[in-house]
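Q: Could you take a close look at one part of this model and tell me how it connects to what surrounds it? I'd like the pairing, the burial and the ring packing, with a word on how far to trust it.

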Amino acid sequence: MLKRICLCLLLTASASAWVEHWNGTDWAPQAVPALDALRLSAVQAITPTDVWAMGSATAADGRLFLHWDGHSWRRVQSPKFGGVSVLLSSLSAVASDDVWAVGRKAKGAEGTQAIAEHWDGTRWSVVPTPRTHSFIWTQYENVSAVSAN
């Protein structure tokens, strides 16, 4: 049973991320998928068998989502941004079908635009965010989701 999770960064010549699990007595490393992860920055546990971790990777657009099912971690695909750099800054989970991530995406010389993504139990999707025309650089720093009940 997963009781606590610690996300860490191992600084080596080829930086990689790892997860450690508290079993009630000791910390023990857990295997994560082989990835080009630079860092894991957020974790949200819904249940001991439904845990999300978020971070950044060097490939594609920079986003990384991992899911724990009680037995192993797996990488979960998210929407593509066509090579545009994306940096997520916060993660919040209410239920297995209600997980949110926020941050920013690069717009080249035009600055950045705040983004929000939602997991509906099946897939991640981009949720439209308000346009802030008076600012060139926009970003969501934090998200906190609450139950509808």
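A: Let's fix one term before the tour: a contact means heavy atoms within 4.5 Å. By that rule Ala-28 touches Val-19, Glu-20 and His-21, leaving aside residues up to four places away in sequence. Keep in mind that this is a predicted model, in which local features need pLDDT of at least 70 and side-chain atom pairs count only at pLDDT 80 or more, while totals for chains, interfaces and linings use all residues. Residues are numbered from 1 along each chain as its sequence is written, and side-chain values use heavy atoms, with hydrogens and water left out.

How far can you trust it? The mean pLDDT (the predictor's confidence in each residue, from 0 to 100) is 76 for the protein, and 72% of its residues reach 70 or more. Confidence bottoms out in strand S1 (residues 4-10), with a mean of 48, and peaks in strand S11 (residues 124-127), at 91. Over residues 7-13 the pLDDT falls below 50, though the model still gives that stretch 16 contacts beyond near neighbours in sequence. Where pLDDT is low, the predicted coordinates should not be read in detail.

The overall layout is simple to state: 11 strands and 0 helices. Both are DSSP runs numbered from the N terminus (helices H or I, at least four residues; strands E, at least two). Of the 149 residues, 36% count as buried, where buried means under 20% relative accessible area, exposed over 50% and partly exposed in between (1.4 Å probe, protein chains only). Among contacts between residues at least 6 apart in sequence, 39% join residues at least 24 apart. Back at Ala-28 for a moment: this residue sits in strand S3 (residues 27-30) and is partly exposed, with a relative accessible area of 28%.

Now the close-up, which is strand S10 and its sheet. Four strands make up an open sheet in the order S8-S9-S10-S11, with antiparallel pairing. Its edges are strand S8 (86-95) and S11, each of which pairs on one side only; two strands pair if DSSP finds at least two bridges between them. S10 itself (residues 112-119) shares 4 bridges with S11, running antiparallel, and 8 bridges with strand S9 (residues 98-106), antiparallel as well.

You can check the register residue by residue. On the S9 side, Arg-104 has Ala-114 of S10 as its bridge partner. On the other side, His-118 is matched with Ser-125 in S11, and Ala-116 with Val-127. Two hairpins hold these strands in sequence. S9 and S10 are separated by 5 residues, and Gly-108 in that turn has a positive phi of about 65°. The hairpin of S10 and S11 has 4 residues between the strands, and there Gly-121 takes a positive phi near 100°.

S10 is mostly covered, with 8 of its 8 residues buried. Thr-112, Ala-114, Ala-116 and His-118 point one way, Gln-113, Ile-115, Glu-117 and Trp-119 the other, and all are buried.

S10 also feeds into the ring packing. Rings of Phe, Tyr and Trp (its six-membered ring) pair if their centres lie within 6.5 Å; planes under 30 degrees apart count as stacked, over 60 as edge-to-face and the rest as tilted. The structure holds 5 aromatic pairs. One of them, Trp-52 with Trp-124, is edge-to-face, at 5.4 Å centre to centre and 85° between the planes. Trp-52 belongs to strand S5 and Trp-124 to S11, so the pair ties together parts 72 residues apart in sequence. Both Trp-52 and Trp-124 are buried, and ring pairs link them with Phe-65 and Trp-119 into a cluster.

That leads to S5 (residues 50-57): 8 of its 8 residues are buried, so this strand is largely enclosed by the rest of the structure. Asp-50, Trp-52, Met-54 and Ser-56 are on one side, and Val-51, Ala-53, Gly-55 and Ala-57 on the other, all of them buried. S5 runs antiparallel to strand S6 (residues 63-68), with 6 bridges joining the two; Gly-55 stands opposite Leu-64 there. S6 also contains Trp-68, which is buried at a relative accessible area of 8%. The C-alpha atoms of Trp-68 and Pro-48 are 8.5 Å apart, with their positions 20 residues apart along the chain.
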